[in-house]
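Hello,

Here is the structure I promised to pass on to you. Have a look at it first, and then read on for what turned up when I went through it.

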Amino acid sequence: MSCRSTPITCKKDRYRSFDGTCNNLENPFWGAAKEPYAELVNNSYADGVHKFPETSNNEQLPNPRAISLLVFPDKNIIDYKWNLNTMQWGQIITHDMSFSGRTTLINNNPVTCCDSEGQLTSESGNNPFCAPIIIPENDFVNKADGRECMEFVRTVSTKDIDCTSSKSPSFPINEVTSYLDLSLTYGNSKKQADSLREGRGGRLKVIKRNGGTWPPQAANVLQICSGATTADEPCYVAGDARVNQNPQLTVLQVILLKEHNRIADALSDINKHWDDEKIYLIARRINIAINLYIHYYEFLPILLGEENMVKNKLIYPNAKGYVNDYNPKVNAAVLKEFATAAFRYFHTLIRGQLRLYTEHRFPYQSIRLSDWMNKPSILEKNNGYDGLAIGLSFQPQDKSDQYFDLEVTQYLFKGNQTLGMDLRAIDIQRARDHGVGNYIDLRSYCGLSIPKTFNDLCDYMSIKNVQALKSIYKRVEDIELTVGGSLEKHVPGTLVGPTFLCILLRQFYITRVGDRYFYENGEDKEIAFTLEQLETIRKGSSMARLFCDNGINIKKMQKKAFELVSPWNPIVPCDQLPFVNLTLWKDIK
Ligand code: HEM
Ligand SMILES: [Ca+2]
């Protein structure tokens, strides 16, 4: 299924395209931006209409806000091992892979969308993250970019567009490339990518201001940065529209941007004869490889357990040469079950209070997350950028559990108001909008035991949670994936229960083997790094180096920068950390 009316012919390119097309040569749109999500379990009637939110007996499902209040309350238990950067990197990965963006017009009316209370909002524009609930009509054309969705041609009248009853055929579109290709830094189309380039030395555009280097300033501050109070305060443009959403996310986006320019400058130095285009493309490719290494070998083992990743062929920790596991039969498109349920469970890791630290790890400021949403000006004052970056590495994340911070379940996007939205309720509602399969169907897909009665759930949930589920749902079949999956006891050595673990392992497997450009792949010599280059990427890439190389004045860091500082993970001078040897890209020809 694709949303494109005209087929394209791919030529074999050395570099990834910006919109992800032609990564898979047989199926050019697999994993590309603006394609529908894939799914593990189908939850639609034969005509494409979602079964949700009705239960198996056609009753209304309970109010998402009520569910959130009952089973996902606030309780601040902090993680004893992993820092806030672990949480924040998860959001970086999310923004590289998934964005169920904005609404499409139907009969020239904005398609409505449910708010966190399950009520219809007048238009989804109120919520900057409102997913597109795209409802094909007769000869449906997505007018925004003139592409047709042939497979979904059917007639619906606007009165059918009601996501509280969800009788309307709708399917979510992923606005960004599914591949882990730093689309959040480089953009999701050639046009967008070009607009972010300096046009000189292979570099991305930056501005210098207040003693730092920042992404370009947004043209319309008050529109782009809803938290901004004046039209001239800092507000950034990057490859992803969500760059300003929260201050520590923005810090990591700036780090990734500066990393590109750092690599580009080094390449220019050693290859004076390379032009802007060549430096840009190769710097991008190296930056992506460094990040893929960090994602798969440093970060994901924390969530999924290293052994599980090895067993399921997601990583090869002892590999010396190439890992030729590209499989052209695998579609790397992001799964609904991943983006709309499993990965959102890590909203549990969010801390409501962010601390800023000096270079000597002295806390000098503490801020409320909800006061600084879409208001990145904090980076540019009072040493904010370094202070927040060190905070990421030094402050514990919230524990992975069924408790969610009030800053996101009561005050999300509150702006100047006293109260805001509930992210957990939105997560639940969004899964209904997107027609995500229910809990037991996913357990079944994963080969896990299927509960017949509520009591059966006691094998892998606390009695208290089973009782809560019983009070919410009439039948076990009605339990939603977002809710049931979040209440399972964790698999030892991981931060999730078995159903989410299965979905996450599946997603990160297909993201890897479905990516022809994955950096460990050596099958196609045109694309592959040399063995020496691959080796330096493996030995020299780390989160710690990203902080060291791209802070303003960060001179020391613990080696494992997703882990809290401890006697086993002491802070060391940056020059003691391994690094990627960029001289291996010297062109000897
Ligand atoms: C301060 C931190 C974070 C905030 C404020 C935040 C907030 C949000 C918001 C507002 C949405 C859109 C909800 C909707 O309308 O459907 C969202 C989506 C999502 N979040 Fe988070 N989030 C944070 C961190 C994370 C983390 C740590 C992860 C995972 C490790 C994560 C995973 C996701 C995913 C997978 C989506 C769906 C994206 C899409 O497909 O559109 N988020 N988040
Ligand atoms: Ca991407």
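**Confidence in the model**

Please keep in mind that this is a predicted model. The pLDDT of the chain averages 88, and 85% of the residues score at least 70. Residues 102-169 need some care: the pLDDT there is below 50, yet this stretch has 134 contacts in the model beyond near neighbours in sequence. As for the global scores, the ipTM is 0.99 and the pTM is 0.90.

**Two helix pairs**

I looked at two pairs of helices, and a word on how to read them may help. Two packed helices are described by the angle between their axes and by the distance between those axes.

Let me begin with helix α7, which covers residues 276-304, and helix α16, which covers residues 498-513. They pack at an angle of about 160 degrees, and their axes are 11 Å apart. Since angles over 145 degrees count as roughly antiparallel, α7 is roughly antiparallel to α16. The crossing of α7 past α16 is left-handed. On the α7 side, the residues that meet α16 are Leu-300, Leu-303 and Leu-304, and their partners in α16 are Leu-501, Leu-504, Leu-505 and Phe-508. Sorted by class, this contact has seven nonpolar residues, with no polar and no charged ones.

The other pair is helix α1 (residues 64-71) with helix α12 (residues 423-433). Here the angle is about 130 degrees and the axes are 8 Å apart, so α1 and α12 are oblique to each other. These helices, α1 and α12, make a right-handed crossing. From α1, Pro-64, Arg-65, Ile-67 and Ser-68 take part, meeting Arg-424, Ala-425, Ile-428 and Gln-429 from α12. The contact of α1 with α12 is mixed in class: four nonpolar, two polar and two charged residues.

**A lysine in a loop**

One residue to find in the viewer is Lys-272, in the loop between α6 (247-270) and α7. Is Lys-272 buried or exposed? With 7 other C-beta atoms within 10 Å, Lys-272 is exposed, because the cut-off for that class is 12 or fewer. Lys-272 also makes a nice example of sequence and space telling separate stories. Lys-272 and Asp-587 are 315 residues apart in sequence, while their C-alpha atoms are 9.6 Å apart in space.

Happy to go through any of this with you.

Best wishes

Terms used:
Residues are numbered from 1 along each chain as its sequence is written. Chains are lettered from A and ligands numbered from 1 in the order in which they are written. This is a predicted model: local features need pLDDT of at least 70, side-chain atom pairs count only at pLDDT 80 or more; totals for chains, interfaces and linings use all residues. pLDDT is the predictor's confidence in each residue, from 0 to 100. Two residues are in contact if their C-beta atoms, placed from the backbone, lie within 7 Å. Axes are lines fitted to C-alpha atoms, for helices over the stretch in contact, and angles run from 0 to 180 degrees between N-to-C directions. Helices (H or I, at least four residues) and strands (E, at least two) are DSSP runs, numbered from the N terminus. Angles under 35 degrees count as roughly parallel, over 145 as roughly antiparallel, 65 to 115 as roughly perpendicular and the rest as oblique. A crossing is left-handed if the near helix is turned anticlockwise from the far one by less than a right angle, and right-handed if clockwise. Ala, Val, Leu, Ile, Met, Phe, Trp, Tyr, Cys and Pro count as nonpolar, Asp, Glu, Lys and Arg as charged, and the others, Gly among them, as polar. A residue is buried if 20 or more other C-beta atoms lie within 10 Å of its own, exposed if 12 or fewer, and partly exposed in between; C-beta atoms are placed from the backbone.
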